[in-house]
Amino acid sequence: HGKGQGTPQDIVSSYIWLSLAATNGYEGAQEPRDNVAKTLTPSQLEEAQKRTRLCYESQYQNCP
């Protein structure tokens with residue numbers, strides 16, 4: 001479940017989608033999002049948070 005086996009890893013996109021799920025009340029996304037955040041560099045985390053806000057504020061029209 002949610003391990004992405006057999007697909008290329010994109011940890012920034014993983015953070016974005018988990019963050020959006022957490023923002024929308026899915027409690028099961030908070031811990032995985034925080035775990036992914038720990039693997040990101042500061043610049044990756046900043047970019048992921050920026051893209052998350054853009055996606056959310058555009059009502060999911062500008063998402064990864």
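Start with the crossing of two helices in this predicted model: select α1 and α2, and you will find that α1 passes α2 in a left-handed crossing. To colour them, use residues 11–23 for α1 and residues 30–39 for α2. Two packed helices are described by the angle between their axes and the distance between the axes. Here the axes come within 9 Å and cross at roughly 150 degrees. Angles over 145 degrees count as roughly antiparallel, and α1 and α2 are therefore roughly antiparallel to each other.

Now show the side chains where these helices touch. On the α1 side, pick Ile11, Ser14, Tyr15, Leu18, Ser19 and Ala22. On the α2 side, pick Gln30, Pro32, Arg33, Val36, Ala37 and Thr39. If you colour this contact by class, you should see seven nonpolar, four polar and one charged residues.

Next stop: the core. In soluble globular proteins, nonpolar side chains tend to be buried together. Select Val12, Tyr15, Ile16, Leu20, Val36, Leu40, Ala48 and Cys55, the eight residues of the largest nonpolar core. Which element gives the most to this core? That is α1, with four residues. The elements that give two or more residues are α1 and α3.

Stay with one core member, leucine 40. Beyond its neighbours within four places in sequence, leucine 40 is in contact with Ile11, Val12, Tyr15, Leu45 and Ala48.

Move on to helix α3, residues 42–57, and click on threonine 52. Is threonine 52 buried or exposed? Its relative accessible area is 8%, and under 20% counts as buried, so threonine 52 is buried. Setting aside neighbours within four places in sequence, threonine 52 is in contact with Tyr15, Ile16, Ser19 and Leu20. You have met some of these already: Tyr15, Ile16 and Leu20 are among the core residues, while Ser19 belongs to the contact of α1 with α2.

Finish in the segment after α3, where glutamine 59 is found. Tyrosine 60 has its place there too. Most residues other than glycine have a negative phi. Check the backbone of glutamine 59, though, and phi is near 55 degrees, a positive value. Tyrosine 60 has a positive phi as well, about 70 degrees, although it is not a glycine.

Switch on the surface for a last look at this pair. Glutamine 59 is exposed, with a relative accessible area of 64%, whereas tyrosine 60, at 37%, counts as partly exposed.

How values were computed. Residues numbered from 1 in each chain as written. Predicted model: local features only at pLDDT ≥ 70, side-chain atom pairs only at ≥ 80, totals over all residues. Heavy atoms only, no water. Axes fitted to C-alpha atoms, helices over the stretch in contact; angles between N-to-C directions. Parallel < 35°, antiparallel > 145°, perpendicular 65-115°, else oblique. Left-handed = near helix turned anticlockwise from the far one by under 90°. Contact = heavy atoms within 4.5 Å. Nonpolar A, V, L, I, M, F, W, Y, C, P; charged D, E, K, R; others polar. Buried < 20%, exposed > 50% of the residue type's maximum accessible area, 1.4 Å probe, protein only. Core = buried A, V, L, I, M, F, W, Y, C linked by side-chain atoms within 4.5 Å.
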